[in-house]
Amino acid sequence: MATKRKAAAMATAEDDDPVDPSDELVFIGLGGCQEVGRSCHILQYKGKTVMLDAGMHTGREGMSAMPYFDDFDLSTVDILLISHFHLDHAAALPYVLAKTDFRGRVFMTHPTKAIYKWLIQDSVRVSNTSSTSDQRTSLYTEADHINTLPQIETIDFYTTHTVSGVRITPYPAGHVLGAAMFLINIAGLNIFFTADYSREQDRHLVAAEVPNKTTVGKIDVLITESTFGISNAPPRAEREAGLLKGVSNIINRGGKVLMPVFALGRAQELLLILEDYWQRHPELQKIPIYYTGNTARKCMVVYQTYINAMNDNIKRIFRERMAEAEAAGNAKGVSAGPWDFRFVRSLRNLDRFDDVGGCVMLASPGMLQSGMSRVLLERWAPDPRNGVLMTGYNVEGTMARTILSEPEMIPAIMSGGHAGAGQNMGRKVRDDDAAVMIPRRCTVEEFQFAAHVTGVENVEFIEQVASPHVILVHGERSQAARLRSRLLDLNSRRLASNPKAHQTKVYSPENGAEVKIPFRKDKIAKVVGKLAQIPPPNSADSDDSRVVSGVLVQNGFKLSLMAPEDLREYAGLTTTTILCRQHITLATAGIELIRWALEGTFGSIEETSHVKSEANGHTGQNRSNGVKDEEEADEEIVPEPQRTFLIMGCVALKWSGREKQIELEWEGNTMNDGIADAVMAVLMTVESSPAAVKYSSSKSSHHHHHVHEQNGISFPHNEHKNISSDDRFSRLCMFLEEQFGDHVAPIETPKVSVQPDTKGTPAADAEVKEEQSDEEIDIESAQAAERARLAAMGIPVPGLEIRVDKNVAKLWLEHLDVECGNAVLRDRVKAVVERAVETVAPLWAVREQVKV
Ligand SMILES: [Zn+2]
Ligand SMILES: [Zn+2]
């Protein structure tokens with residue numbers, strides 16, 4: 001079950017936000033922008049890069065015929081889509097594949113690849129022999145072309161392919177066999193690229209259709225041609241009649257018809273028109289129709305193969321021919337089909353051409369820049385009986401464009417233009433070599449069979465697609481500009497009559513320019529697994545404040561929301577728990593101090609260790625009798641029990657008594673990591689507490705001193721008790737430091753009075769003192785004895801000295817007496833101590849000691 005939920009509140013909030021660059025579609029025109037030729041465009045969105053076409057400019061030579069590949073890092077391209085086999089869309093492909101660091105995948109339709117193979121091969125060979133320079137040859141070789149063919153993948157019309165997360169679907173574009181329009185879906189954004197397309201059903205191809213919006217959804221960006229701007233063309237029937245009349249006129253006056261054509265594509269359409277006309281006019285059948293070119297015969301095979309990719313007219317002719325062949329008992333006729341012309345002869349080159357009498361010649365290249373069409377033009381131009389019929393799109397800067405203005409003279413660049421001249425004559429002379437000019441007396445007429453949409457058809461198509469963004473390419477600057485203003489005009493009219501009507505932005509970028517279009521797409525996640533069983537929150541009901549929460553999994557651009565336990569089943573993912581451990585050695589602070597400091601930060605801390613009761617201060621006291629016997633033997637070896645605490649329910653603190661090691665353990669996640677960090681900060685503070693440090697260093701030296709010096713003296717020494725007393729002492733130190741800064745220092749020398757102190761001195765201690773005084777011990781040993789007595793009580797040092805400016809207060813720990821000449825300081829110290837005692841009581845286990 002899929003739940004689509006739109007965060008309406010978020011959408012409104014986002015409108016004011018600056019555009020996130022990752023939400024921008026970037027279009028870069030590397031070629032074919034404000035020009036016709038070298039089509040090549042880059043699309044970037046959500047980290048994906050799609051390149052559209054890789055053509056060469058037929059009106060230019062060498063590197064200047066190439067798209068601006070230097071302006072873009074081709075290694076970043078994920079997918080390259082080739083719309084059709086025309087050189088202005090495909091001729092740079094061998095260069096891209098063989099000579100650049102392009103590493104993406106290339107797609108075209110099956111017929112496109114079949115024809116591309118022959119066409120490029122022919123184009124490389126022709127340019128090898130007839131180009132003014134060898135620049136083009138050096139761009140790539142025939143071997144480069146053949147070797148890179150296996151890299152090209154083929155796809156069928158109407159099939160959708162997901163390649164590196166991008167969905168691509170080719171649609172028939174009309175125009176030429178195999179020509180595709182591409183629907184490209186990147187992260188939910190629909191981009192439609194028509195390339196060259198035609199809207200009329202001709203004799204062999206279907207017309208381009210707007211993709212079905214109910215299946216593909218809204219189109220966000222349309223990239224389309226603007227070849228004919230806004231200009232219209234007469235209806236098809238009228239154009240055909242005009243063309244045939246033109247042909248008949250030339251034939252009837254005894255002339256020759258030259259039809260410069262691109263070797264493949266529209267030539268096939270013209271052949272179908274002529275063949276049909278010849279069929280119906282027996283008087284013309286003695287006039288040969290020639291179709292020249294190296295690839296002509298090979299490519300006719302391709303045309304025969306892909307009859308299924310053509311329209312019903314071709315299929316009908318195919319069926320008729322098949323029936324005829326069957327009736328005649330000729331099985332061979334079946335394979336020939338509609339492309340087995342009866343009145344058309346193919347001509348490999350002009351060497352075998354017997355140039356006598358009238359004829360119709362379809363010769364390439366279509367732009368008359370060199371090759372056979374140019375040789376024949378120069379040969380036939382001076383005779384007024386001859387005629388040139390232009391039928392394609394004539395690229396700016398070529399002879400095809402020049403001849404339309406019917407110039408008096410034309411340059412003879414193919415070696416002076418005498419008969420027999422062809423590729424065998426070697427290289428042509430340069431265009432700017434004005435030395436050889438020949439008269440142009442032949443007629444020149446133009447009939448449009450280019451199979452590009454007319455201006456009217458294009459506008460109609462663009463309006464039907466109704467995309468909010470239209471990028472115009474493949475049109476000269478003026479044509480693109482005219483179409484753009486027509487579209488903007490329609491847009492403002494539409495908005496004037498209906499302010500809610502869709503709005504269209506129209507771009508006609510130059511080569512090299514970047515168009516950035518921001519898109520804010522709602523992210524839609526499919527809810528799957530257990531979560532999908534919960535009824536979705538009702539967005540219409542304001543009381544329903546439930547939130548669907550789970551793990552958001554992104555695969556390519558697909559989002560799914562699922563319960564963590566469904567991760568394995570629905571996303572093929574396993575869940576991993578990261579257990580974090582941190583070890584710290586706290587040499588100074590005891591566990592009680594640590595606990596106390598942690599409780600100050602985190603509140604009550606749960607003790608989870610099993611030995612809890614034994615490690616507790618009170619019970620430690622109770623145990624003292626039991627361990628007493630062993631103490632002298634292994635006083636230092638007796639292990640302090642390990643203790644474990646749980647802080648904030650997530651960070652476990654393990655304290656290994658003897659090594660003073662602390663181990664923190666927690667399940668790694670953002671919150672727990674934060675708490676663990678805070679715990680560590682507290683531990684470091686405790687450790688660096690100056691009083692604790694001072695006490696620790698003094699204690700260790702004196703401790704051993706007592707043990708050895710006072711070896712013979714019996715006193716209840718309890719290591720366990722000392723540990724817990726240490727903690728209490730440290731707590732007191734911390735309290736004082738908090739109030740008085742680090743001017744708190746231990747007093748090592750105890751107060752010694754000759755007479756036993758009467759202030760509640762325990763009886764047992766009094767006895768010890770009496771013994772000592774009997775032996776007339778000097779002051780030093782009296783002090784030592786006093787230290788030992790205090791130590792036995794768990795009092796680590798006799799007192800603490802607190803310095804504030806020049807005033808010194810002495811805190812005697814046994815009874816917490818404060819001595820100070822300054823009454824104010826004395827009272828303050830007293831108050832602090834009282835508070836500390838309340839907090840950390842019992843500070844010293846005085847009463848228990850009395851009982852012993
Ligand atoms: Zn084309
Ligand atoms: Zn084109």
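Asn 458 has its place in helix H15 (helices are DSSP runs of H or I with at least four residues, strands are runs of E with at least two, and both are numbered from the N terminus). This is a predicted model, in which local features need a pLDDT of at least 70 and side-chain atom pairs count only at pLDDT 80 or more, whereas totals for chains, interfaces and linings use all residues. Residues are numbered from 1 along each chain as its sequence is written, while chains are lettered from A and ligands numbered from 1 in the order in which they are written.

**Surroundings of Asn 458**

Asn 458 counts as buried because 26 other C-beta atoms lie within 10 Å (buried means 20 or more other C-beta atoms within 10 Å of a residue's own, exposed means 12 or fewer, and partly exposed lies in between, with C-beta atoms placed from the backbone). Neighbours within four places in sequence aside, Asn 458 is in contact with Thr 224, Val 453 and Leu 483 (contact means that the C-beta atoms of two residues, placed from the backbone, lie within 7 Å). Glu 225 stands 233 residues away from Asn 458 along the chain, yet 8.3 Å separates their C-alpha atoms.

**The sheet of seven strands**

An open sheet consists of 7 strands in the order E7-E8-E9-E10-E11-E20-E21, with mixed pairing (two strands pair if DSSP finds at least two bridges between them). Strand E7 (161-163) and strand E21 (505-507) form its edges, each pairing on one side only. On average, neighbouring strands of this sheet are turned by 20° against each other, direction ignored (axes are lines fitted to C-alpha atoms, for helices over the stretch in contact, and angles run from 0 to 180 degrees between N-to-C directions). Helix H15 (residues 455-465) packs on the sheet and touches strand E10 (189-195), strand E11 (221-225) and strand E20 (469-473). The direction of H15 makes about 170° with that of E11. Helix H16 (residues 477-497) lies across E20 and E21, at about 160° to E20.

At one edge, E7 and strand E8 (residues 166-172) run antiparallel and are joined by 3 bridges. His 161 has Ile 168 as its bridge partner in E8.

**Strand E13 and helix H9**

Strand E13 (residues 289-292) has parallel partners. It is joined to strand E14 (residues 344-347) by 4 bridges, and it pairs with strand E15 (residues 359-363) over 3 bridges in the parallel sense. Ile 289 stands opposite Val 344 in E14, and its bridge partner in E15 is Val 360. Ile 289 and Tyr 291 point one way from E13, Tyr 290 and Thr 292 point the other way, and all are buried.

Helix H9 (residues 266-280) has 15 residues and spans 22 Å from its first C-alpha to its last, close to the expected 21 Å (1.5 Å times one less than the number of residues). Its buried residues, including Leu 270, Leu 274 and Trp 278, pack against strand E12 (256-260), E13, helix H10 (296-305), E14 and E15.

**Nonpolar cores**

In soluble globular proteins, nonpolar side chains tend to be buried together. The largest nonpolar core here has 147 residues, of which Ile 115, Met 181, Met 361 and Leu 362 touch the most other members (such a core is a set of buried Ala, Val, Leu, Ile, Met, Phe, Trp, Tyr and Cys residues joined through C-beta atoms within 7 Å). Helix H4 (residues 110-130) gives the most to this core, with 7 residues. Domain 1 (21-231 + 453-514) and domain 2 (236-446) each supply at least three residues (domain bounds come from an automatic or database assignment). Another core, of 23 residues, lies apart from it and includes Cys 733 and Met 793.

**Backbone details in loops**

Two residues other than glycine with positive phi are listed here.

| Residue | Loop | Phi | Other C-beta atoms within 10 Å |
|---|---|---|---|
| Ala 451 | between strand E19 (443-446) and H15 | near 60° | 24, buried |
| His 474 | between E20 and H16 | near 50° | 31, buried |

A cis peptide bond, with omega about 0°, joins Ser 364 and Pro 365. Pro 365 is found in the loop between E15 and helix H13 (371-380).

**The sheet of three strands**

A further open sheet has 3 strands in the order E23-E25-E24, with mixed pairing. Strand E23 (525-527) and strand E24 (551-555) each have a single partner strand, so one side of each is left without a neighbour in the sheet. The twist from one strand to the next averages 30°. E23 pairs with strand E25 (residues 558-562) in the parallel sense over 3 bridges, and Val 527 has Leu 561 as its bridge partner in E25.
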